[in-house]
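Colleague: I've got this one open and would like to go through it with you. Shall we start with the charged pairs?

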Amino acid sequence: MADTDFDFSALETRLGVSRRTFLKFCAGVAASIGLGDRAAYAMAEAVADPKRRPPVIWLHGQECTGPTEALLRSEQPSLAHLILDLISLDYHQTLDAGAGHRVEEIKRQVMKENQGKYLLVVEGAIPLAQNGIFCKIGGQTMTDATREAAKHAAAIVAYGSCASWGGVQSAAPNPTGAVGAPQFLTDKTVVTIPGCPPNPANFIGTVLFFVTYGRLPPIDDKGRPKWAYGRLIHENCYRRPHFDAGRFATEFGDEGHRKGWCLYKLGCKGPETYNNCPSLEYNNIGGGVWPVGVGHPCFGCSEQGTGFHKPLFSLSEVKTHTPPNAFPDIDDREGSSSATLATAAVAGAALGAALGASAVAGRRLGDSDGEG
Ligand code: SF4
Ligand code: F3S
């Protein structure tokens with residue numbers, strides 16, 4: 001990246017990360033959105049200006065708090081630190097130190113004083129059955145709280161699969177009538193960041209775009225930012241050469257599984273799931289930590305109609321049959337790497353037993369966090 005006159009020293013102190021790490025992060029976000037150096041600097045400058053911090057009202061509906069947990073568990077540069085510095089988090093039902101009616105009053109005051117300026121983040125599904133009685137906060141149903149907060153919001157982000165389309169709560173027979181924010185707020189534009197949990201980097205990229213440009217990024221017909229959800233997992237998966245060559249694992253721990261072959265026959269839903277998991281991975285962007293990376297089939301956690309709706313073992317609908325031109329050679333991964341893959345197979349089986357739990361063992365993005 002070319003340098004500018006911008007003074008990063010105050011930002012370094014505030015965020016507790018080096019200039020180089022922060023710029024690397026902004027460049028990564030800008031590149032993943034399809035933008036260049038100039039956008040990265042624009043993002044850095046937007047973060048540096050405290051006046052551009054939008055007030056945020058963050059509601060929780062039916063969910064496990066996984067999206068907030070995923071955000072808080074990230075390491076260097078701390079996405080949690082960054083996001084909490086990038087925005088003014090005025091109301092968050094699980095992070096607020098206060099509780100009770102006083103906090104609800106503050107929420108209303110913030111919304112009143114910032115009409116048309118605050119960002120509404122919805123985490124969790126919204127139950128519609130029996131007039132919304134299955135989820136109440138501060139004596140108010142989630143339906144009423146969402147409608148009230150959405151009324152004067154500058155933008156609305158549904159964070160996680162539950163908020164995006166109902167998630168696990170909406171699985172048949174869906175006794176509470178759970179839906180996502182877009183299905184409830186049908187007269188509003190809702191940006192969705194689905195995933196169980198969603199990748200925090202997709203959330204922060206969306207918020208960074210909003211803070212920098214004052215508008216939301218381009219989205220698809222399900223409200224998903226195109227830069228993050230424009231491609232099928234199957235298109236970017238590093239096991240894809242095995243799929244095209246007909247080399248499949250057929251049981252957890254079998255020879256194909258140990259060798260890192262394609263997981264399609266174990267029920268992988270990568271061929272029908274749009275997400276950037278193979279490119280971003282989890283636990284701070286890198287480290288091979290994502291379901292397929294640790295030997296477990298993708299179960300389509302982010303895809304409406306797939307995750308929590310199709311059985312794990314069922315075969316996926318293959319939407320792209322033609323192999324892309326630019327694929328690497330098949331890596332048989334035998335010999336010295338087989339032990340690692342066997343470990344990954346075990347980890348994958350464990351992940352299968354605990355679906356929905358976060359992936360394991362973080363790796364720091366800033367492992368070469370030297371000063372620039
Ligand atoms: Fe990767 Fe799954 Fe596609 Fe196989 S079916 S290439 S494991 S996404
Ligand atoms: Fe979810 Fe599949 Fe990615 S299970 S985390 S969409 S690989």
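Modeller: Sure: the side chains of Arg-240 and Asp-244 meet in a salt bridge, meaning a side-chain nitrogen of Lys or Arg within 4 Å of a carboxyl oxygen of Asp or Glu. Before we go on, this is a predicted model, where local features need pLDDT of at least 70 and side-chain atom pairs count only at pLDDT 80 or more, while totals for chains, interfaces and linings use all residues. Residues are numbered from 1 along each chain as its sequence is written, chains are lettered from A and ligands numbered from 1 in the order written, and side-chain values use heavy atoms, leaving out hydrogens and water.

Colleague: Okay, how far apart are Arg-240 and Asp-244 along helix H14?

Modeller: Helix here means a DSSP run of H or I of at least four residues, a strand is a run of E of at least two, and both are numbered from the N terminus. Helix H14 covers residues 240-245, and Arg-240 and Asp-244 are four residues apart in it, so the separation is about one helical turn. The N to O distance of the bridge is 3.2 Å.

Colleague: And is Asp-244 buried, partly exposed or exposed?

Modeller: Buried means under 20% relative accessible area, exposed over 50%, and partly exposed in between (1.4 Å probe, protein chains only). Arg-240 is buried because its relative accessible area is 2%. Asp-244 has 31% relative accessibility, so Asp-244 counts as partly exposed.

Colleague: Which residue does Lys-310 pair with?

Modeller: The closest N and O atoms of this salt bridge are 3.1 Å apart, and the partner is Glu-272. The pair links distant parts of the chain, 38 residues apart: Lys-310 sits in the loop between helix H16 (277-280) and helix H17 (338-353), Glu-272 in the loop between helix H15 (255-258) and H16. At 32% relative accessible area, Lys-310 is partly exposed. The buried partner, at 3%, is Glu-272.

Colleague: What about Glu-104 and Lys-107, in which helix do they lie?

Modeller: Their side chains form a salt bridge at 3.5 Å, N to O. Glu-104 and Lys-107 are both buried. They lie three residues apart, about one turn, in helix H6.

Colleague: How many salt bridges does the structure hold?

Modeller: Some form a network, linking Asp-220, Lys-222, Arg-224 and Glu-303. For the structure, the number is 11.

Colleague: Which peptide bonds are cis?

Modeller: Most peptide bonds are trans. The bond from Ala-172 to Pro-173, with omega near 10°, is cis, and Pro-173 is in the loop between helix H9 (161-165) and strand S8 (178-179). The other cis bond, with omega near 0°, is from Cys-196 to Pro-197.

Colleague: What is phi of Asn-131 near?

Modeller: Most residues other than glycine have a negative phi. Asn-131 is in helix H7 (residues 129-132) and is exposed, given its relative accessible area of 71%. Its phi is positive, near 55°.

Colleague: Last one: where does pLDDT stay under 50?

Modeller: pLDDT is the predictor's confidence in each residue, from 0 to 100. The mean for the protein is 82, and 81% of its residues reach 70 or more. Where pLDDT is low, the predicted coordinates should not be read in detail. The stretch under 50, with 56 contacts (heavy atoms within 4.5 Å) beyond four places in sequence, is residues 333-372.
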